[in-house]
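Work through the exercises below with the sequence and the model side by side. Try each task before reading its solution.

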Amino acid sequence: MNEIIFIGLSFFAITGAIAMLVYKNPMYSALGLLVSIMSVAGLFALLNATFLFMVQIIVYAGAIMTLILFLLMFLNIKEEHLPKEPKKFFLIGLGVLIMIPFNIVILKAVSNLPNANMSVVESSFGDIKPIGTILYNDWILAFELISILLLVALVGSIVLAKRKKINKENS
């Protein structure tokens, strides 16, 4: 059953990546990226990596994709404003041809690895609680410094945006 779910999620991840490259409309490309991100999150869930699954959903599919979609809607890009890409499919095909030898080398290297124990790990593997405990006990200073840095960046961006708005009103 896990193999079928893995194949399905892999298919959706690859299909989303291809859709992201092929579609001319940026909104469809962003939705292709969203499908790919959600499929990778599903693969993390299949591996019992709950922290990576949640980060993938919250940070990438939630925050970054929302930012990209709002930016695309705010810009309201029309079809005539998009650049002409006459060699788009040729370049995609060239990229595929360049990557095929690398993929063959990687597949040969993986097939030569010794057989490992593929049994399912214990249920506590990948839990969020041990990561949070280490983060808030051993790395609390770094965690708080990063949060202050992000707060300063947020305030700075607001100040710069207000300053540009005031300069436009004065001119």
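Helices (H or I, at least four residues) and strands (E, at least two) are DSSP runs, numbered from the N terminus. L72, for example, is found in helix 3. The model is predicted: local features need pLDDT of at least 70, side-chain atom pairs count only at pLDDT 80 or more, and totals for chains, interfaces and linings use all residues. Residues are numbered from 1 along each chain as its sequence is written, and side-chain values use heavy atoms, with hydrogens and water left out.

**Exercise 1. The overall fold**

Task: State how many helices and strands the protein chain has, and describe its burial and contacts.

Solution:
- Step 1. Count the elements. The protein chain has six helices and zero strands. From the N terminus on, the order is α-α-α-α-α-α.
- Step 2. Check burial. Buried means under 20% relative accessible area, exposed over 50%, and partly exposed in between (1.4 Å probe, protein chains only). Of the 171 residues, 13% count as buried.
- Step 3. Take the surface. Accessible areas come from the Shrake-Rupley method with a 1.4 Å probe; for residues, only the protein chains shown count as cover. The protein chain has about 13900 Å² of accessible surface, and 75% of it belongs to carbon and sulfur atoms.
- Step 4. Look at contacts, meaning heavy atoms within 4.5 Å. Among contacts with a separation of 6 or more, 64% join residues 24 or more positions apart.

**Exercise 2. Helix 2 against helix 3**

Task: Describe how helix 2 and helix 3 pack, and name residues that make the contact.

Solution:
- Step 1. Choose the descriptors. Two packed helices are described by the angle between their axes and the distance between the axes.
- Step 2. Fit the axes. They are lines fitted to C-alpha atoms, for helices over the stretch in contact, and angles run from 0 to 180 degrees between N-to-C directions.
- Step 3. Read the values. The axes of helix 2 (residues 26–46) and helix 3 come within 9 Å and cross at roughly 175°. Helix 2 is therefore roughly antiparallel to helix 3. The classes are: under 35 degrees roughly parallel, over 145 roughly antiparallel, 65 to 115 roughly perpendicular, and the rest oblique.
- Step 4. List the contact. Helix 2 contributes residues including P26, M27, A30, L33 and L34. Helix 3 contributes residues including L52, F53, Q56, L72 and M73.
- Step 5. Zoom in on L72. At 18% relative accessibility, L72 counts as buried. L72 touches P26, M27, A30 and I77, not counting residues up to four places away in sequence. L72 and P26 are 46 residues apart in sequence, yet 7.3 Å apart in space, C-alpha to C-alpha.
- Step 6. Check the link. N48 sits in the loop between helix 2 and helix 3. Its phi is near 65°, a positive value in a residue other than glycine. N48 is partly exposed, at 27% relative accessible area.

**Exercise 3. Helix 1 and its partners**

Task: Find what L9 and S29 are in contact with beyond their sequence neighbours.

Solution:
- Step 1. Place L9. L9 lies in helix 1 (residues 2–22). L9 is buried, with a relative accessible area of 18%.
- Step 2. Find its partners. Outside four places in sequence, L9 is in contact with S39, G42 and L43. L9 and A41 are 32 residues apart in sequence and 9.2 Å apart in space, C-alpha to C-alpha.
- Step 3. Repeat for S29. S29 lies in helix 2. S29 is buried at 13% relative accessible area. Outside four places in sequence, S29 is in contact with A19, M20 and Y23.

**Exercise 4. Surface chemistry**

Task: Locate the salt bridge and describe the nonpolar patch.

Solution:
- Step 1. Set the salt bridge test: a side-chain nitrogen of Lys or Arg within 4 Å of a carboxyl oxygen of Asp or Glu.
- Step 2. Apply it. A search of the whole structure finds one salt bridge. E85 pairs with K88, the closest N and O atoms being 3.8 Å apart. E85 is partly exposed at 46% relative accessibility, whereas K88 is buried at 14%.
- Step 3. Set the patch test. Patches are made of residues with over 30% relative accessible area and no salt bridge; like charges are joined within 9 Å, nonpolar side chains (Val, Leu, Ile, Met, Phe, Trp, Tyr) within 5 Å.
- Step 4. List the members. F51, L52, M54, I58, V59, Y60, I64, I128 and I131 form a nonpolar patch with about 720 Å² of accessible area together. Helix 3 (50–75) and helix 5 (128–137) each give two or more residues. The largest share, seven residues, comes from helix 3.
- Step 5. Compare one residue from each helix. L52, in helix 3, is partly exposed at 42% relative accessible area. I128, in helix 5, is partly exposed at 40%. L52 and I128 are 76 residues apart in sequence and 9.2 Å apart in space, C-alpha to C-alpha.
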